[in-house]
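Thanks for coming. I have one structure to show today, and I will put it up before I say anything about it.

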Amino acid sequence: MIGFGGGSSIDAGKAIAVMATNPGDYWDYISGGTGKGKTVPNDPLPVIAITTTAGTGTEADPWTVVTKEDTNEKIGFGYDKTFPVLSIVEPELMLTVPPALTAYQGFDALFHSTEGYLNTTAYPISDAFALRAISLVGKSLARAVNNGSDLEARTDVALANTLSGLVESTSGCISEHSLAHAMGALNPEIPHGAALISISAAYYTHFANTGKCDARLIDMARALGKADAKAPMDFVAALVELQKACGVDAIKMSDYGIRYEDLPKYVENAFDTMGGLFQFDPSALSRADVLTIFQASYR
């Protein structure tokens, strides 16, 4: 099975590879939400990943994200057999990606890395991948957004993306992705990266205020380019600065049909479908905390 394109195309290839050799419905093998969580009985087809975007890191991890539209569930799935047997990363294939999508994808790669660095399962190998990916995004994402033909910048962001997939394979996402998946499940028109960007300042501010991961937030601020970072909120400042440089600092949830009064639905969806990620947060997030993050992010 060859997955050629962005994250959705390659993820679809992984899901098809599973179902080409196995009985039943794909959702039989999904854990979370209405998934049945069954063990996959037969090995999937081998997957070759050829990525034309720099965002999901799916070429370097086993994960595949699929949305079940009839139940508004967007859930990740994967295991060792869905790891690509061969991946091709060629930045020249990415030169024509439009600026906004370049930014959305680049921030997805960034957040795979920042979440992986804050994940309670992080260890020195995942940390090395994460910090290098963060530094490459900080160095070159704005350049790639503002000049798509800058091959050096595209190459940096492509490498950051692949490294972020290795973070996903050695550490993993935390609850920021649960929140963003809920937004995409209930409002599929919002790009995944845009959803992540829209909640990111409030999300990381919450953890900066807990005092539970101060050193790691400072590490990430320095990696992102704020060399003199000394406080956890310096990461949030560096993050917002990069979003401004990429022209994505004013994303409005309301532009994608998300209503303020419906935000409690997104909280419940996040816990019901991707609730497993919350256990890896550096400090516990309650439903009230998640609602506050959504409300603080809403425009």
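I will go through the two domains, then where they meet, then the salt bridges.

First, the ground rules. This is a predicted model, in which local features need pLDDT of at least 70 and side-chain atom pairs count only at pLDDT 80 or more, while totals for chains, interfaces and linings use all residues. Residues are numbered from 1 along each chain as its sequence is written, and side-chain values use heavy atoms, with hydrogens and water left out.

The protein is split into domain 1, residues 2-89, and domain 2, residues 100-297; these bounds come from an automatic or database domain assignment. The UniProt record, an unreviewed entry, places "domain: Alcohol dehydrogenase iron-type/glycerol dehydrogenase GldA" at residues 2-91. It puts "domain: Fe-containing alcohol dehydrogenase-like C-terminal" at residues 102-298. Such annotations may be inferred rather than shown by experiment.

What is the helix and strand content of these spans? Residues 2-91 are 14% helix and 24% strand, whereas residues 102-298 are 70% helix and 0% strand. Helices (H or I, at least four residues) and strands (E, at least two) are DSSP runs, numbered from the N terminus.

Now the place where the domains meet. Contact, meaning heavy atoms within 4.5 Å, involves 20 residues of domain 1 and 23 of domain 2. The two bury about 1600 Å² between them, 54% of it on carbon and sulfur atoms; that is accessible area (1.4 Å probe) lost on being put together, summed over both parts. On the domain 1 side, Ala 54, Asn 72 and Lys 74 lose the most area, together 35% of what that side buries. Strand β4, residues 73-77, gives the largest share of that side, with 4 residues.

How many salt bridges are there between domain 1 and domain 2? The count is 0, where a salt bridge is a side-chain nitrogen of Lys or Arg within 4 Å of a carboxyl oxygen of Asp or Glu.

By that rule the structure's count comes to 12. One joins Asp 61 and Lys 14, at 3.5 Å from N to O. Asp 61 sits in the loop between β2 (48-51) and β3 (64-68) and Lys 14 in helix α1 (residues 7-19), so the pair ties together parts 47 residues apart in sequence.
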